[in-house]
Amino acid sequence: MNPNSKRREDYHKKHSSLNLHRNIALAEPAKAFKGSVFARICGIATVLCVSFGLAWVAHMYFALHSAIDGNGGNYATSARIANRQPISVLILGVDQGLEGRHDKGNSDTLILATANPAKNKSTMTSIPRDTLANILGDPGNKYNMFRVNSAYGIGGSSASMRTVSALIGVPIHYYVEVNMKALKSLVDAVGGVDVKVPFKFSYDWCDFHKGKQHLNGRHAVAYVRMRHDDPRGDYGRQMRQRQVITAVVHKAISVDSITNYRKLVKIFSKYVKTNLTFNDMLALALTYRGCSQNIASGYIQGHDAWIDGASIQVASTKELQKASDKIRTNLDLDKKVLDNDETKLNKLNEQNNNIKWKDPRPFTNYQIYRSVVTDESNGNSSGIGTSGDNSAGQ
C-alpha cells in the first residue's frame, strides 16, 4: 500500500470533520436570528408604546396649559409658590346662569382659603354673602356699604379680592372663580363625592339622609344650594359648600383616569377663571398637597339687621378680628388690630345707637354713616358723621 494514500485518507477525514463542524456552526446562528427578530419586534413595540404614552402626556399637559392659561398666557410659576411660601386664595362661586339669571351675577359663595406648606395646614373661612362691607372697585372708589357679594357684580374678581382683603385685613394673593353651573360637571368628572349630611331633607327633587352619602353632580348642586330648610340658615349652607369643595379637591388630586382628566380639562376651560398659572397649580399639587390633610374650617358669624329695608348681616368687630387673626397666623403674618370702615361703623353704632351684639333680635337701628373723607383741597379730614345718606347702598 502506498504510504501517501494513507496520509491522503487521514487528511480528508480531518478536513471533512472540520467542514462538518463549520457547517453546524454556520447553521446554529439561524436559530439565534429567529430569537433576535422577536426581541427586536418587542423592543420596537415597547418604544412605540412609550412614545404614544409620552405623546399623550404631552397632549394632556398642553391641553391643561391652554385651559388654565389660555393662548399666549403666562406659564411661569409665581415666586411665592416656587419658594413654598404661605398663600391665600379667594374662591368665588358665581351664580350666573342659575335660576334663570343671564346677567354678570353676584358671588353666591365666598371662601377665603390659605395654605402653609411649612406647617402642612390650611384654613377655609366662609364669608356670608350678605355681610356688610365697603364695596371697593367702583370707579373713583366711592364709599358704598352693601352686601359683600355685590362686589363681583361691580368689578368682578378683582373688586371681590379688594373688598374681602379690606374687610378682614389680610392679603389675598390669588383667586379661583367658578361658575356654579360647573359644579355638577366637576363632581361627575371626579366620580362623585362623599359627604356627611347633617340632617334629613329634600330639595330640588333630591333626597338626603342624615349620615354619610355619596353625591353625584346633580345631588351636589342641590345639597349646596338649599338654605331655607336649614336650621342654621345660610351658615348651614356655607358648611355644606365647604364640605363639597373639600371633597372635590381631594378627589381631583387623586384622579388617575385619562377620561376623567379630559373631562376636568374641558370643564376647567369653560367654567373656571383664575390668576394661577398652570405651573402654579402643578406646583401646588406637588408641594402643597400635605396642606389638604389638615384643614381648619370656619366662618364669619354675622348679626341680622334691617337697614333701609334691606336684610343685611353685620359682623361684629370681635368676629372680624377673630377671622383676621386666624388667617394671618396661617400666613405667618403678625396679628394686627383691624381699623377699617366696618369696624368704625360698629363703634359709631355702639356709641350712638346702643347696639348690643349679644341681643339675638335683628338690629333695626343700625345706621350707615359716611366714611372719613379727606378734603384734598386743604388736607383736612371731615370725620365720620351722621349727616350723610344712611341708605345701605351708599
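Buried, in this talk, means under 20% relative accessible area, exposed means over 50%, and partly exposed is what lies in between. Keep those cut-offs in mind, because I will use them for nearly every residue I mention. The model on the screen is a predicted one.

Let me start with two cysteines. C291 has a relative accessible area of 1%, so C291 is buried. C206 comes out at 0%, so C206 is buried as well. How many disulfides does the structure have? The count is zero.

Next, the nonpolar cores. In soluble globular proteins, nonpolar side chains tend to be buried together. In this model the largest nonpolar core has 41 residues. Which of them touch the most other members? They are I81, I87, V193, F208, Y223 and V244. There is also a second core, separate from that one, with 23 residues. Its members include L110, L112, I172 and I327.

I will stay with V193 for a moment. Leaving out residues up to four places away in sequence, V193 touches V187, Q213, H214, L215, A247, V248 and K251. One of those is Q213, and we can look at that contact from the other side. Q213 sits in strand β10, which covers residues 211-215. Its relative accessibility is 10%, which is under 20%, so Q213 counts as buried. Beyond its neighbours within four places in sequence, Q213 is in contact with V193, D194, V195, V197, D207 and F208. Two names there, V193 and F208, are already on the list for the largest core.

Now to the charged pairs. How many salt bridges does the structure hold? Six. I will go through some of them.

One joins D332 and K119, whose side chains meet at 3.3 Å, N to O. This pair links distant parts of the chain, with the two positions 213 residues apart. D332 is in the loop between α9 and α10, while K119 is in the loop between β2 and β3. Is D332 buried, exposed or partly exposed? Its relative accessible area is 46%, so D332 is partly exposed. K119, at 40%, also counts as partly exposed.

Another is formed by D188 and K184, with the closest N and O atoms 3.6 Å apart. Here both residues lie in helix α4, residues 182-189. They are four residues apart, about one turn of the helix. D188 has a relative accessible area of 34% and is partly exposed. K184 has 39% and is partly exposed too.

A further salt bridge is between D359 and R361, at 2.9 Å for the closest N and O atoms. D359 counts as partly exposed, at 23% relative accessibility. R361 has 57%, which is over 50%, so R361 is exposed.

The next item is a residue in a loop, D130. Where is D130? It is in the loop between β3 and β4. Its relative accessible area is 17%, so D130 is buried. Along the chain, D130 and R147 are 17 residues apart, but their C-alpha atoms are separated by 4.7 Å. Their side chains make a polar contact at 3.5 Å. Apart from residues up to four places away in sequence, D130 touches R147, R227, I312 and Q313.

Last, a region with an annotation. The unreviewed UniProt entry labels residues 331-358 as a "coiled-coil region". Over that stretch, the model gives 43% helix and 0% strand. The C-alpha atoms at its two ends are 31 Å apart.

Which residue here is worth a look? I picked N353, in the loop between α10 and β15. N353 has 13% relative accessibility, so N353 counts as buried. Its side chain makes a polar contact with the side chain of N349 at 2.7 Å. The N353 side chain also makes a polar contact with the side chain of Q367, at 3.4 Å. Not counting residues up to four places away in sequence, N353 touches L348, N365, Q367 and Y369.

That is the end of my list.

How values were computed. Residues are numbered from 1 along each chain as its sequence is written. This is a predicted model: local features need pLDDT of at least 70, side-chain atom pairs count only at pLDDT 80 or more; totals for chains, interfaces and linings use all residues. Side-chain values use heavy atoms; hydrogens and water are left out. A disulfide is a pair of cysteine sulfur atoms within 2.5 Å. Buried means under 20% relative accessible area, exposed over 50%, partly exposed in between (1.4 Å probe, protein chains only). A polar contact is a pair of N or O atoms within 3.5 Å; within protein, one must be able to donate a hydrogen and the other to accept it, and residues adjacent in sequence count only if both atoms are side-chain atoms. Contact means heavy atoms within 4.5 Å. A salt bridge is a side-chain nitrogen of Lys or Arg within 4 Å of a carboxyl oxygen of Asp or Glu. A nonpolar core is a set of buried Ala, Val, Leu, Ile, Met, Phe, Trp, Tyr and Cys residues joined through side-chain atoms within 4.5 Å. UniProt positions are given in the numbering used here, feature names are shortened, and annotations may be inferred rather than shown by experiment.
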